[in-house]
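These are my notebook entries on a structure that I looked up part by part. I wrote down each term where I first needed it.

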Amino acid sequence: MINFIEEQLMIRDVTRRMALEKIAPRAAEIDETDEFPWDIVELYKQNGTLKLVLPDEYGGVGADTTTLCLVMEEIARVSASCSCIVFSTEALIHILVRAATSEQKDRFFPRLSQGDKISAFVLTEPEAGSDANAMRTNAVLEGDYYILNGRKCFISNAIVSDFYLVFARVKTLDNKKGISAFVVEKDTQGLSMGKKENKMGLRGNTMADLIFENARVPKENIVGGEGEGWKILAQVANQMRLYGASAMGLGIAQGALDYAVEYAKQRYQFGKPIASLQAIQFMLADMHIQTEAVRSILYRTSQMIDRGEGSAAEIGSLVSMSKCLSGDTAIKVATDAVQVLGGYGYIKDYPVERMMRDAKSVQIFDGTNQIQRLVVARNMLGIK
Amino acid sequence: MIQLTEEQKMIRDMVRKIAKEKIAPRAAEIDETDEFPMDYVEVYKENNLFKMVLPEKHGGIDANTTTLCVIVEELAKAYASAPQMLITTGAALHILLKAATEAQQMRFFKRLEQGTQACSFALTEPNHGSDAGSLQTKAVLDGDHYIINGSKAFITTGEIAEMHLVFVRTGGEKTKGISVIMVDKNTPGFRVGKKEHKMGFAGTGTVELIFEDAKVHKDNIVGKVNEGWSLLLNIANMMRVWGAGCTALGNAQGALDYVVEYAKQRFQFGKPIAGFQAVQFMLADMAILIESARSLIYRTAYVMDTDGESFKNIETLVCMSKCYAADVGMKVTTDAVQIMGGYGYTKEYPVERRMRDAKSVQIYDGSNQIQRVVVSRNLLG
């Protein structure tokens, strides 16, 4: 119900068909086994889903923020876990498009152009979550290599990725400016994985620690130069937060609503479908209203970003608002969907309990909703 | 989605100036006395705001939905009661534009010029609120005139309106026998009844309208006889996005603006309360709710202005906008009182008034429960 351009609608429709026909039937199994879905990666490869941000000449479509939001929403609607693969992969490409040198682009983009590579975004550390600036993973230049030491945690796609975008502190500097971004390849010497986290939701998305023990990263893999990491992050964080967490939350809410609506029309109690009872109608109406409110602010914001409108503070606030509202709405709508389905909603034969577990993650990752509120409040109050 | 044209920005700035200079300074007094603000009427007449929905040939600016949203939001930011007379008038004129003949339009518009220019929109009756389709005010044709008997309740602007757009029963049961008729305030047998003493929304002239053998010429029927219900469903209900929706939105924004400044200046424990995360989070949640309501409202206005959706989808969006904005308005204004503590609870400060005003929007122009009925009906087919 929003004015999207033709190309965006085309990509959305292709993604929707792929999601409904191929991903939805696999979602429960992926959740149950917690195994990484390589068949879905193959599906993404066939549909170009993992290279949308790449420029045309490398086989991508140079996708804008709105397009990525649509893609993420459609996939998350059937499986939030499967949307995570797209998110961090597109995020790495996105950062390279924005900040890499042409030499780096020439080196990496052809390797990404098959659309079969998976990437991970590596920022969080055990002691540096919301306070990302407290990160301690460090990099020291020795000859032609940066030597990385430290530990990263809660890294989505950790075990399965081909490329890692790693944020680390270049040692000679000790302030914020020291944070730098590196592309690290999977077979890098000195890089190892911790154990796979056993999560409440987003199952099948492998999440683990990344351990750097004198990991050797070629010096030409630093993105944007020493101390530029924070700036790079600031450039793309808003867009990532929109097509990442926000669109995922919207997709989960829409998926839960869709399911509850169809169920309510078919479930008979007291001699009629429960959809005809006002108590159920009002729950569904509220779920729909809240979901559309999220959709409205999310795509309003994505369109502003794509048109280059709004000051940095305005966009920052709108993105944080979108993320926070989306996370809160996803958990509310999914929880109510379980309620509408009653006992059936609580069992694994139906997808809504999975959606509820998945929704919880959106309130936490990519900046907790509490951090988003801080951003909104600070911008509004003009305080640091 | 919220891309205003240059003209819309000009109108917004003009209304913002009026709101600041003429509307806001009078709000507390109007709230206290509940007197109809005839000074607002003069300001609106000077600036052509009553006629904003009319085409240029009738002295208007042919305002589309987005423009109307901007105007109502700006006025409600200053005072929620302020735009109400424009909303009822706009609603009546809009129906006249869509359904009245050219001759009727000329006649009614000319008549309005001779007075306040304001119209009321008279649908609700004492026993027919949400169930408006069973209204009972009866109009019986007798020669060239309709004889009207019955009463209308909660009629905003009714106190000072030059003309009233009235829904009456001319035919059979329920929605099949309803017509729309324009009633001049000077009609014999018609009078304005008691003024309601309300919790909020002071100065909106909310009155009872009483018809005792009121005699109205049959030429005043708007649209076809017995087809008034479709005017309500197809035209009038869509106005709640810029009427009720933007009233709630502006009122909420006005409350937030006020408490943000207050929080920066109120010192406790040696620092401004804006320095406490507990207060920051309340303010952030208020801002998030307001901005999402704004996004939904202007998205809806946009699809209405561009015919970008089916009638059903637009109807859903309109009902969502009204319901969501009203609920947000109530929540935000209540929290604004909370942030200001004891001061917020006193009439020295405007936020308790905004909280009382906010409550009305959950009720009027189709209660939020009715909006949910429409949303779920469209959702469930």
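I began with the vocabulary: helices (H or I, at least four residues) and strands (E, at least two) are DSSP runs, numbered from the N terminus. I also noted that residues are numbered from 1 along each chain as its sequence is written, while chains are lettered from A and ligands numbered from 1 in the order in which they are written. This is a predicted model, in which local features need pLDDT of at least 70 and side-chain atom pairs count only at pLDDT 80 or more, whereas totals for chains, interfaces and linings use all residues.

**Entry 1: a residue inside a strand.** I looked up Phe154(B) and found its place in strand E3 (residues 145–155) of chain B. Phe154(B) has a positive phi of about 55 degrees, although it is not a glycine. Is Phe154(B) buried or exposed? I first wrote down the rule, by which a residue is buried if 20 or more other C-beta atoms lie within 10 Å of its own, exposed if 12 or fewer, and partly exposed in between, with C-beta atoms placed from the backbone. Phe154(B) has 20 C-beta neighbours inside 10 Å, so it counts as buried.

**Entry 2: two loop residues.** In chain A, I found Asn157(A) in the loop between strand E3 (145–156) and E4. Its phi is near 65 degrees, again a positive value in a residue other than glycine, and Asn157(A) is buried, with 25 other C-beta atoms within 10 Å. In chain B, I turned to Gly177(B), which lies in the loop between strand E4 (163–169) and strand E5 (178–184). Gly177(B) is partly exposed, with 19 other C-beta atoms within 10 Å. The C-alpha atoms of Gly177(B) and Glu227(B) are separated by 7.1 Å, although the two are 50 residues apart along the chain. For the neighbours of Gly177(B) I needed the rule that two residues are in contact if their C-beta atoms, placed from the backbone, lie within 7 Å. Leaving aside those within four places in sequence, the residues in contact with Gly177(B) include Arg169(B) and Asn226(B).

**Entry 3: a strand and a helix of chain A.** I checked strand E1 (residues 119–122) of chain A and saw that both of its faces are covered, since Ser119(A) and Phe121(A) on one side and Ala120(A) and Val122(A) on the other are all buried. Two strands pair if DSSP finds at least two bridges between them, and E1(A) pairs with strand E4 (residues 163–170) of chain A in the parallel sense over 4 bridges. Within this pair, Ser119(A) stands opposite Phe163(A) in E4(A).

I then took helix H8 (residues 312–341) of chain A, and noted that the expected span of a helix is 1.5 Å times one less than its number of residues. The 30 residues of H8(A) should span 44 Å, and the end C-alpha atoms are 43 Å apart, which agrees. H8(A) is mostly covered, with 23 of its 30 residues buried, and just after it Gly342(A) takes a positive phi of about 60 degrees.

**Entry 4: chain B as a whole.** How many helices and strands are there in chain B? I found 12 helices and 10 strands. The radius of gyration is taken over C-alpha atoms, and the globule rule is 2.2 Å times the number of residues to the power 0.38. For chain B the radius of gyration is 21 Å, close to the 21 Å that the rule gives for 381 residues, so chain B is as compact as a globular protein of that length. Its C-alpha trace spans about 80 × 45 × 40 Å along the principal axes, and buried residues make up 55% of the 381 residues.

**Entry 5: where the chains touch.** The contact takes 31 residues from chain B and 31 residues from chain A. On the side of chain B that touches chain A, the largest share, 13 residues, comes from H9(B). For the classes I noted that Ala, Val, Leu, Ile, Met, Phe, Trp, Tyr, Cys and Pro count as nonpolar, Asp, Glu, Lys and Arg as charged, and the others, Gly among them, as polar. By class, this side of chain B has 19 nonpolar, 6 polar and 6 charged residues.
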